[in-house]
Amino acid sequence: MSEDIILKGDTIGKWLFPEGPNSDIVLSSRVRLARNIKGIPFLTRAERKDQEKVLAMTKEALAEKGLLKEGYFRREKELPPLKLRFLKERHLIPFDFTNSHLERGIYIKRDETESILVNEEDHLRFQGLSSGMDLFSAYEKAERLDNLLSEVLSYAFSPKLGFLTICPTNVGTGMRASFLIHLPGLVITQEMEKVLRSLLEMGLTVRGIYGEGTETKGNLFQISNQITLGLSEEEILEKVTKIGKQILDYEIKAREFLLKKTRLAIEDKIFRSYAILKNARLLTSDEATNLLLLVRLGVTLNLIKDVDLKKINTLLILTRPANLQIYYNQEMNEKERDEKRAALVRLYLGNEQ
């Protein structure tokens with residue numbers, strides 16, 4: 001497949017390298033900034049010519065600020081469905097990004113840590129991604145894009161309200177801060193419901209692995225702020241980080257409890273999962289995700305020593321349906337994917353036969 005916005009199929013984005021703070025439990029942090037261009041109708045009222053104007057202005061701004069040398073810009077309609085699913089699986093575009101008749105565009109930096117969605121819900125959505133629990137680093141990435149384009153484009157802004165957005169909950173900073181966290185300890189000890197209620201009371205929302213409207217898989221949760229009005233960027237980042245660290249502490253305590261009270265049962269579940277992955281000839285996408293996350297738990301608990309987190313994180317991405325097909329450079333039916341997925345896992349876990 002030709003290289004355009006698609007990066008090499010055998011790699012993952014730098015934000016999934018387990019190098020950031022607490023990356024054994026928190027896979028990644030993400031910050032999004034919503035902006036609209038002054039003088040152009042918001043997308044709820046924008047005609048096609050308005051949408052085309054936003055696309056053209058954004059591409060010109062990217063070129064002027066040298067960002068096209070760092071990444072790729074493509075119109076959504078230039079990308080086939082498989083490549084769009086590939087980007088969705090990599091958390092670079094929203095789960096429902098392809099369900100629209102809008103004239104849309106995508107900019108992605110080559111290492112996948114920065115991206116811009118054009119005409120998604122607002123005219124512009126800047127995104128920064130970082131490894132581990134590091135929202136401030138993710139914010140710096142999104143802010144860099146925001147600042148560069150603001151030198152060329154004028155945003156819709158109110159001195160009283162802040163940045164103006166389509167969704168009222170984004171008005172103000174226009175910022176959503178979130179982290180992707182693995183919480184098997186809290187789920188197994190049946191403490192997760194209590195944590196979820198507390199998060200809602202504190203103004204945070206919990207979603208599935210791919211955001212709004214998606215289910216949780218393998219005890220992976222995406223936690224983010226709901227309201228941006230009346231708070232500064234720093235206040236939002238500090239609030240979400242503080243709560244994230246509290247959840248992190250709860251999860252660590254839950255894992256310690258499990259090892260102390262039910263060690264044999266936890267070890268059995270983890271090593272059974274590892275054995276299946278190393279020997280399976282067929283693996284569905286959901287099965288692979290659930291088993292890999294159990295093995296990931298085993299690695300973080302120092303029970304499994306011959307595989308590292310980067311390899312597990314890589315497999316969590318490459319075993320997804322579109323990524324698997326890009327990796328093998330061929331389109332496959334479900335049965336073929338299940339076979340190739342199992343072969344890929346065996347290869348990465350060093351048990352190819």
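**Exercise 1. Find which residue of β10 stands opposite L180, and place that pair in its strands.**

*Solution.* Start with the pair itself: L180 stands opposite Q222 in β10. Strands here are DSSP runs of E with at least two residues, helices are runs of H or I with at least four residues, and both are numbered from the N terminus. This is a predicted model, in which local features need pLDDT of at least 70 and side-chain atom pairs count only at pLDDT 80 or more, while totals for chains, interfaces and linings use all residues. Residues are numbered from 1 along each chain as its sequence is written, and side-chain values use heavy atoms, leaving out hydrogens and water.

Next, look at the strands. β10 covers residues 220-225, and 5 bridges join it to β8 in an antiparallel arrangement. Two strands count as paired if DSSP finds at least two bridges between them.

Now turn to the other partner of β8. Strand β1 (residues 26-35) pairs with β8 in the antiparallel sense over 7 bridges. Three pairs let you trace this: V26 stands opposite I181, R30 stands opposite S178, and R32 has R176 as its bridge partner.

**Exercise 2. Work out which way the side chains of β8 point, and whether they are buried or exposed.**

*Solution.* First, recall the general pattern: in a regular strand the side chains alternate between the two faces of the sheet. In β8, M175, A177, F179 and I181 point one way, and R176, S178, L180 and H182 point the other way. Both sets are buried, where buried means under 20% relative accessible area, exposed over 50%, and partly exposed in between (1.4 Å probe, protein chains only). For the strand, residues 175-182, the tally is 8 of 8 buried.

Then check β1 too. Here 10 of the 10 residues are buried, so β1 is largely enclosed by the rest of the structure.

**Exercise 3. Give the order of the strands in the open sheet, and say which strands form its edges.**

*Solution.* Walk across the 8 strands: the order is β2-β3-β4-β5-β1-β8-β10-β9, with antiparallel pairing. The edge strands are β2 and β9 (204-207), each pairing on one side only. From one strand to the next, the twist averages 20°.

For one step of the walk, take β1 and β5, which pair in the antiparallel sense over 8 bridges; A34 has R125 in β5 as its bridge partner.

Finally, see what lies across the sheet. Helix α6 (residues 233-261) lies across β1, β8, β9 and β10, running at about 10° to β8. Axes are lines fitted to C-alpha atoms, for helices over the stretch in contact, and angles run from 0 to 180 degrees between N-to-C directions.

**Exercise 4. Explain why the buried residues of α1 line one face of the helix.**

*Solution.* Begin with the helix: α1 (residues 48-64) has 17 residues and reaches 24 Å from its first C-alpha to its last, close to the 24 Å expected, a figure given by 1.5 Å times one less than the number of residues. Its buried residues are D50, Q51, V54, L55, T58, A61 and L62. Seen down the axis, these fall within an arc of 140°, so they line one face; the arc is that of the directions from the helix axis to the C-beta atoms.

On the other side of α1, R48, K49, E60 and E64 are exposed. The cover over the buried residues includes β2 (71-75), β3 (105-109), β4 (114-118), β5 (124-131) and α3 (135-150). Just after α1, G66 takes a positive phi of about 75°.

**Exercise 5. Determine whether N170 is buried or exposed, and what it touches.**

*Solution.* Locate N170 in the loop between β7 (162-163) and β8. Its relative accessible area is 4%, so N170 is buried. Leaving aside neighbours within four places in sequence, N170 is in contact (heavy atoms within 4.5 Å) with E121, R125, T165, M175, R176 and T228.

For contrast, try E140 in helix α3: at a relative accessible area of 52%, E140 is exposed.
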